[in-house]
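Here are a few exercises to help you find your way around a new structure. Have a go at each one before you read its solution.

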Amino acid sequence: MAAGVFLDRDGTLNIEVDYLRTPDDLRLIDGAAASVRRLNNAGLVTCVISNQSGVARGFLTEADLIPIHAKLRAELAHEGATLDGIYYCPHHPTAGIAPYNVECDCRKPKPGMLIKASKEFNFDLQRSFVVGDSVVDMQAGNTVGATTILVQTGYGKQSLLTCREQNIPIGHVAASIIEATEFILDKRKGVRSHNE
Ligand SMILES: [Mg+2]
Ligand SMILES: [Zn+2]
């Protein structure tokens with residue numbers, strides 16, 4: 001069974017701008033495209049998992065996400081990288097507007113998006129990786145038994161402090177998606193040589 005890499009979007013793949021609303025605001029973090037390409041080449045399923053409560057809050061619509069994600073894919077494709085899936089949660093349990101102001105099962109730290117992707121792409125969550133800059137990324141990954149990697153871009157530095165204060169396990173701390181990718185590929189190499 002295949003393994004996957006779940007990538008948070010804002011602060012992990014692209015620069016965090018607090019509720020990104022237009023494609024013009026999307027800028028990839030240095031090395032993000034090359035990193036995704038390396039994951040692609042290693043045969044890992046790559047899926048974005050992104051909380052987009054800006055939709056519930058009325059800052060943007062689900063239709064607005066289409067050109068944003070098209071730009072994300074285009075910027076990655078420019079360097080030969082592809083995403084197998086993009087999953088987002090438009091909800092918020094308390095803030096915002098109907099029909100999005102609901103307690104859903106996809107908003108991280110809940111693992112709904114990870115479970116959905118693992119079913120659609122038939123991969124093993126326990127052999128998979130979650131890369132993100134937020135506490136909720138670590139929690140969602142920990143819940144499904146994935147290896148969690150906290151990047152220090154975006155909100156990563158603050159999240160590291162919070163995880164330490166609250167004893168939330170982190171599998172690995174990486175400077176950025178570049179180092180997270182190194183860690184994943186090293187681990188995979190270990191798995192392969194162990195099996196040989
Ligand atoms: Mg993030
Ligand atoms: Zn949701």
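Before you start, some vocabulary: two strands pair if DSSP finds at least two bridges between them. Helices (H or I, at least four residues) and strands (E, at least two) are DSSP runs, numbered from the N terminus. You're looking at a predicted model, where local features need pLDDT of at least 70, side-chain atom pairs count only at pLDDT 80 or more, and totals for chains, interfaces and linings use all residues. Residues are numbered from 1 along each chain as its sequence is written, while chains are lettered from A and ligands numbered from 1 in the order in which they are written.

**Exercise 1. The overall build**

Work out how many helices and strands the chain has, and in which pattern they follow along the sequence.

Step 1. Count the elements: there are 7 helices and 6 strands.

Step 2. Walk along the sequence, and you read β-α-β-α-α-β-α-β-α-β-α-β-α.

Step 3. Check the compactness with the radius of gyration, which is taken over C-alpha atoms; the globule rule is 2.2 Å times the number of residues to the power 0.38. The chain comes out at 16 Å, close to the 16 Å that the rule gives for 196 residues, so it is as compact as a globular protein of that length.

Step 4. Look at the burial. A residue is buried if 20 or more other C-beta atoms lie within 10 Å of its own, exposed if 12 or fewer, and partly exposed in between, with C-beta atoms placed from the backbone. Buried residues make up 43% of the 196 residues.

**Exercise 2. The sheet**

Find the order of the strands in the sheet, and say which ones stand at the edges.

Step 1. Line up the strands of this open sheet: the order is β3-β2-β1-β4-β5-β6, with parallel pairing.

Step 2. Go to the ends of that row. β3 and β6 (172–174) each have a single partner strand, so one side of each is left without a neighbour in the sheet.

Step 3. Note the twist: on average, neighbouring strands are turned by 20° against each other, direction ignored. (Axes are lines fitted to C-alpha atoms, for helices over the stretch in contact, and angles run from 0 to 180 degrees between N-to-C directions.)

Step 4. Add a helix. α5 (residues 135–144) packs on the sheet and touches β2 (45–51), β4 (129–132) and β5, and its direction makes about 175° with that of β4.

**Exercise 3. Strand β4 and its partners**

Find which residue in β4 is the bridge partner of L7, then follow the pairing across to β5 and β6.

Step 1. Start with β1 (residues 4–7), which pairs with β4 in the parallel sense over 3 bridges. The bridge partner of L7 there is V131.

Step 2. Move to the β4 and β5 pair, where 4 bridges join parallel strands. Here G132 stands opposite L150.

Step 3. Carry on from β5 (residues 147–151) to β6, a parallel pair with 3 bridges. V151 sits opposite A174 in β6.

Step 4. Check where the side chains of β4 point: F129 and V131 go one way, V130 and G132 the other, and all are buried.

**Exercise 4. Two sides of helix α3**

Decide which residues of α3 are buried and which exposed ones lie on the face turned away from them.

Step 1. Locate the helix: α3 (residues 62–77) has 16 residues.

Step 2. Pick out the buried ones, which are L65, I68, L72 and L76. They cover an arc of only 80° around the axis, which puts them on the same side of α3 (the arc is that of the directions from the helix axis to the C-beta atoms).

Step 3. Ask what they pack against: α1 (32–41) and β3 (85–89).

Step 4. Turn to the opposite face, where you'll find the exposed residues A63, I66, A70 and A74.

**Exercise 5. L150 and S159**

Are L150 and S159 buried or exposed?

Step 1. Place them: L150 lies in strand β5, and S159 in helix α6 (residues 156–165).

Step 2. Count C-beta neighbours inside 10 Å. L150 has 27, so it counts as buried. S159 is buried too, with 24.

Step 3. Look at contacts (two residues are in contact if their C-beta atoms, placed from the backbone, lie within 7 Å). Leaving aside neighbours within four places in sequence, S159 is in contact with D133, S134, V135 and L150.

Step 4. Finish with a distance: S159 and S134 are 25 residues apart in sequence, yet 5.5 Å apart from C-alpha to C-alpha.

Note on methods
The expected span of a helix is 1.5 Å times one less than its number of residues.
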